[in-house]
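Trainee: Could you take me through one part of this model at close range, and then show me how the rest is arranged around it? I'd like one connected answer rather than a list.

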Amino acid sequence: MIFEGNRRFSRRSVLKASLAMGGALAAPRLAFADDTLAEIKKKGEMVVATEMQFPPFDISDNGVYKGVDRELIDAVAKEMGVKVSYLDLPWTSVLPGLEAKKFDLCIAPVTITKERMKRYAFSVPIADATAALMKRADDKSINKPEDIGGKTIGGQKGTAQLAQIKAYADGKGLKIDVKEYVDNNQSYADLAAGRIDASVNSLPNLAYAAAQRPDTFAVVLPPFGQPTYFSWVGRLDDKTLLDAVNAALVKLEGDGTMAKIQKTWFGQTTDLPKTVPEPTI
Amino acid sequence: MRPQVIFHSFGYLTEAAGVTIAISFAGIALGFLIGAAVCIGRLSGRRWLETLGGVYISVFRGVPLLVQLLFIYYFLATLGLDVPALVAAIGGLGFASGAYQAEILRGALNAIPSGQSEAAVALGYSPLDRWRLILLPQALRLAIPPLINEFILLLKASSLVSVVGIAELTRVSMNIAAMTYRPLEAYVGGGLFYLAINLALAGAGALAERHFGSAR
């Protein structure tokens, strides 16, 4: 990560540098906040970020932000009594932006893994993230996950789902070629174009893609991966904010709001854990 | 290929093209001011100004624009200076373009034979009149083709400002591709908008050349 070095700066040198540069640019806002939750309540506004290219979670439909995350965060903010503003950032900028305090919470669905738990604070799960495969609708050679021996599989670089397909193939003794993409949409495009034989992603994402283009794509069932979940991500030291978000999420599950949102976007409902689960991967 | 995707998203693409044009023109204008200042510094005959201008050009021409944008938006924030996305985008484009425009202007001024300046002095022109009537009109004429080149390059490079969260044309094309699962149509749509804008820019350049007379 490019910005790993920032811990080196002492508070004083930070202050000095910001004062020096503050003179150069008009009216800078100093990005200090002792407690993010208190700051949000004071402003009456929570700033969240995601990449709006991850249907059905995050979609920019002719400039209007839509999807599972939008409906959930709106409901959560209502519980917290604040407004929300949304930032659309490329995925590679989202986590650096969170660390640089450009916004308060990342509402891109992030798979809970052991490695990530060390660096970020996770909310309670917002959706199922179990990894599955999608093939071309007319491909008769893949009917179950075990059929991928000798095939080329595409997925988004650095995702938990891509790591799982490699582990799955190793475990079953299957030889596969893996192609890594900057984002899932390129993997889907190459699947449609016939350059790869299957795309790996979470089941909700694939089910939505296949439903949008049933003539082109079909999901390979059952999902092959370990049960995993998507959560939102905050900074490790923002425990109070995460607690407030979690309380709201658990309440939404209790009062049926979560089930309603799931029905809209996934066509079915799933029970989610009420606490941050121990990661299995 | 399903052209309906482009028609359906036409308003969204038009809006994004507006953002691309606004940010690029602000960047070009800022770049021209910086470029003129740096060029004057480089030709001032004062050693420290020449060095300063040279260092500016080396840095902003030598570091990729993407890295400059990430630095302004994210790295300055870790030092406590929260630069708004729009300021970071226009600033990044303007700082980088300023380095290129400075060299374009310097090249154009250097292309005017020194005999002209000497003759003007000999004929008793004041320094102001020498620049206003003799040097600048010719330099500007010489600079038009490379400047239009630079403007078109900058307009296309403005796709990079999406890393600071600005929904410009390329970013919006990607959004459409993600939403519709039809990347080909989305990018053809975005590409056509870029082409239209750049053809208009090139046309404006041709008009400007005709207006100022050809440089021969």
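Mentor: Let's start at Val94(A), which sits in helix H4 (residues 91–99) of chain A. Keep in mind as you look that this is a predicted model. Val94(A) has 22 C-beta neighbours inside 10 Å, and because the cut-off for a buried residue is 20 or more, Val94(A) counts as buried. Leaving out residues up to four places away in sequence, Val94(A) touches Ala49(A), Thr50(A), Glu51(A), Leu89(A), Cys106(A) and Ala108(A). Take Ala108(A) from that set: it is 14 residues from Val94(A) in sequence, and the two C-alpha atoms are 8.4 Å apart.

Two of those contacts lead you straight into strand pairing. Ala49(A) has Leu87(A) as its bridge partner in S6(A), and in S7(A) its bridge partner is Cys106(A). Behind the first of these is a run of six bridges between strand S2 (residues 45–50) of chain A and strand S6 (residues 83–88) of chain A, which run parallel. S2(A) also pairs with strand S7 (residues 105–111) of chain A, again in the parallel sense, over two bridges. As a general reminder, strands of a sheet pair through backbone hydrogen bonds, either parallel or antiparallel.

Now step back to the domains. The domain assignment of chain A gives domain 1 as 34–128 + 230–266 and domain 2 as 131–220. Their C-alpha centres lie 27 Å apart. Domain 1 of chain A puts 10 residues into the contact, and domain 2 of chain A puts in eight residues. If you sort the domain 1 side of chain A by class, you get six nonpolar, three polar and one charged residues touching domain 2 of chain A.

Over to another sheet of chain A, then. Here five strands form an open sheet in the order S12-S11-S13-S10-S14 (chain A), with mixed pairing. Strand S12 (177–181) and strand S14 (217–220) of chain A stand at the edges with a single partner strand each, so one side of each has no neighbour in the sheet. From one strand to the next, the twist averages 35°. For the pairing at one edge, look at strand S10 (residues 131–136) of chain A: it pairs with S14(A) in the antiparallel sense, over four bridges. Arg136(A) stands opposite Phe217(A) in S14(A).

Helices come into the picture here too. Helix H8 (residues 203–212) of chain A lies across S10, strand S13 (198–202) and S14 of chain A, and runs at about 150° to S14(A). Helix H7 (residues 184–193) of chain A has these buried residues: Asn184(A), Asn185(A), Ser187(A), Tyr188(A), Ala189(A) and Leu191(A). Just after H7(A) comes Gly194(A), with a positive phi of about 85°.

For chain A as a whole, count 10 helices and 15 strands. Buried residues make up 43% of its 281 residues. Of the contacts in chain A between residues at least 6 apart in sequence, 76% join residues at least 24 apart.

What about chain B? Chain B has nine helices and one strand, following the pattern α-α-α-α-β-α-α-α-α-α along the sequence. Its C-alpha trace spans about 70 × 45 × 20 Å along the principal axes. In chain B, 42% of the 216 residues are buried, and 77% of the contacts between residues at least 6 apart in sequence join residues at least 24 apart.

The largest nonpolar core belongs in this part of the tour. It has 61 residues, and those with the most contacts inside it include Leu69(B), Tyr73(B), Ala89(B) and Val164(B). Among the elements of chain B that give two or more residues to this core are helix H2 (10–43), helix H5 (85–110) and helix H7 (127–157). H5(B) gives the most, with 13 residues. For a close-up, pick Leu69(B): beyond its neighbours within four places in sequence, it is in contact with Ala88(B), Gly92(B), Leu160(B), Val161(B), Val163(B) and Val164(B). Apart from this core lies another, of 46 residues, and Ala108(A) is among them, along with Leu105(A), Ala121(A) and Ile126(A). That brings you back to where we began, since Ala108(A) is one of the residues that Val94(A) touches.

Notes:
Residues numbered from 1 in each chain as written. Chains lettered and ligands numbered in written order. Predicted model: local features only at pLDDT ≥ 70, side-chain atom pairs only at ≥ 80, totals over all residues. Core = buried A, V, L, I, M, F, W, Y, C linked by C-beta atoms within 7 Å. Buried ≥ 20, exposed ≤ 12 C-beta atoms within 10 Å, placed from the backbone. Contact = placed C-beta atoms within 7 Å. Pairing = 2+ DSSP bridges. Axes fitted to C-alpha atoms, helices over the stretch in contact; angles between N-to-C directions. Domains from an automatic or database assignment. Nonpolar A, V, L, I, M, F, W, Y, C, P; charged D, E, K, R; others polar.
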